[in-house]
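Reader: Could you take me through one part of this model, the open sheet and the empty space around there? I'd like a close look, with the cut-offs spelled out.

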Amino acid sequence: MGGTGVAALRPGAAAPGDEELAAAVRLAAALAGLAPHEVELLTGEAQCALESGAACACARVPVVDARGLPLGALCLHGPCPEPVVLTRLEDLARVLAPLLERRCGAAREALDGEERRTLAELVSAEVEHRRELTEAVLASVDVGILVADPEGRLQMGNDTATAWLGQPVRDDLDPRDQPAHYGLYGPGGRTLLSAQDSPLQRALRGEEVTGAEVVLVPFGRPALTTLCTARAMRTAGGELLGAVVAMHDVTAARAREAALARAHAQLAEHAEHVEALARASRAVATADDPRTAVCAAVRELTGADAVFLLQPEGPASLAATASVGGAAHRDLRVDVASRTSLTATAFLDGEQVFAPDLATHPGADTRLVRAVGAASAVWQPVLLRGDEPIGVLSVVWHRPVAVLPPAVAALLRTFAAEAAHAVERAGLLARLERAAEHDALTGLANRRRWDGTAALEIARARRTGAPLTFALVDLDRFKRYNDAFGHLEGDALLREFAAAASSCLREADTLARWGGEEFAIALPGCTAQEAVLVTDRIRAVVPRGQTATVGVAQWSAAESAAEVLARADEALYRGKGGGRDATVVAPRP
């Protein structure tokens, strides 16, 4: 059948429950004088089996409901019946109408039931699909998800959450025990989180929790730092269903932040050290006394209480040439040859030496420790051109220093290399200064130094009123000695006389080589008569059996240094003329 209605009903082919309709079809066949198979009961708009295209020879008796709406038709496969028969068939059709209507209703109910079953199966399948999809998503994301009921008991945790917690969630665990059980700590991971401060409990109290830091410390596993977002779940009517927490692992990010912070701190420290070194270098480069400037710079760089610079004094000892923050350094000396001190060890080995506890260190020089009041110290060799020791920086703390920070140790090494050039320059300048004001042969003050000293002594005598006497000493027959023994021996005689004459003078006195074999002496605080005693002692120590003649002149207030020396020179020549080996006093002007 090609119609769009419900399938046709034939006698003998009725569906279960359609016996009444089948009997009506057989009755219709009997009324029409047809065989039972020549009558069909069609439902809806179905076509009979003999219809073809638009032409059909079959007679139809419509079956309609009480409202006149078609329910189907009786189809007679034969000649059109007589009117009487047709009337009876129409009466039969009216009897069939309620039967057919019930039959259609039952079919619709069956269809609706099937559709409902199919729809329920589809809905169930969709729910299962969504559940599987949700579980797959939760299992694959790198966010930890925890779900709790209204009391805060955990009901679900995805794979990520259980992996981070180190164990599956428990719905029987009291919420108050969750932090200790799962290892939930506050920011920094030092303090166990209280139950009331957990993101779940805060969300259940109605808070919107965003970016709460929770450190997970599962037993036997590395700690994780997480940032948590928590929200309460409610029905459309506002009833609390529970809460959900999303945890994001920020451990690696925090590690990067910490590393970046350390790098910034190191960079800032390095910049500070570079600036400190630059300041120290500038201070040393512009200082009148580079050695003291070196000590001051090292003290600032290290935060020490005192710094000493020790330099070679002869082949076997070191002597302090400068200090800052400590006692006077003039008497500070260290024996190098015996290696009995850490100072000597640092100098000879060219390596930095640190002693955190000098009181118990076996290599510490107890005399030196007491002298400078040192509890801890570091000795930094000052190396020129990288391997030539020209001194040692002794850096002292009066309080114990357990560990020398690597940055301080590096600063000392770096600055010591800079200081080496400053110390070398200071030594060179000192030698140049000494050479400019001292006689190269005898080491005494030269004519230039004498002029300055004489002017100063006259200014002091004028200011204080103390006596001042000048003397000129001439070695007798020095040319004859040179001619007889040679110039080298003559030079030796001059050096020996300079040393012998210096031993007869006070520290405040000045002995200068005036020129050739002549020497000038300034005797502050001495009268002419007192000066005679001094010069006679000098004449008595002239070496190699030689003699000397001396002219003495006491300064008068109106005189200059040149005028006093002129009078002393006149007295000298009178002594020469009188037979030499004598001391002659010039008369007062």
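Author: Sure, let's start with the sheet: six strands in the order E5-E4-E9-E8-E7-E6, open, with antiparallel pairing. Its edges are strand E5 (154-157) and strand E6 (184-185), each pairing on one side only. Strands here are DSSP runs of E with at least two residues, helices are runs of H or I with at least four, and both are numbered from the N terminus. Two strands count as paired if DSSP finds at least two bridges between them.

Before going on, bear in mind that this is a predicted model, where local features need pLDDT of at least 70 and side-chain atom pairs count only at pLDDT 80 or more, while totals for chains, interfaces and linings use all residues. Residues are numbered from 1 along each chain as its sequence is written, and side-chain values use heavy atoms, with hydrogens and water left out.

Now zoom in on strand E4 (residues 143-148), which runs antiparallel to strand E9 (residues 240-249) and is joined to it by six bridges. Take Ile-145: its bridge partner in E9 is Ala-246.

E9 turns up again when you look at the largest cavity, since helix H4 (178-182), helix H5 (199-204), strand E7 (209-216) and E9 each give two or more residues to its lining. That lining has 14 residues, and Leu-146, Leu-184, Ser-198, Pro-199 and Leu-200 lie nearest the centre. A cavity is a set of points on a 1 Å grid over the protein atoms alone where a 1.4 Å probe fits but cannot get out, and lining residues have an atom within 4 Å of a point. The volume of this largest one is about 160 Å³.

Key. 1 Å grid on protein atoms, 1.4 Å probe; cavity = no way out; pocket = protein on both sides within 12 Å on 5 of 7 lines; lining within 4 Å. Points joined across faces, edges and corners; volume = space filled by probe spheres on them.
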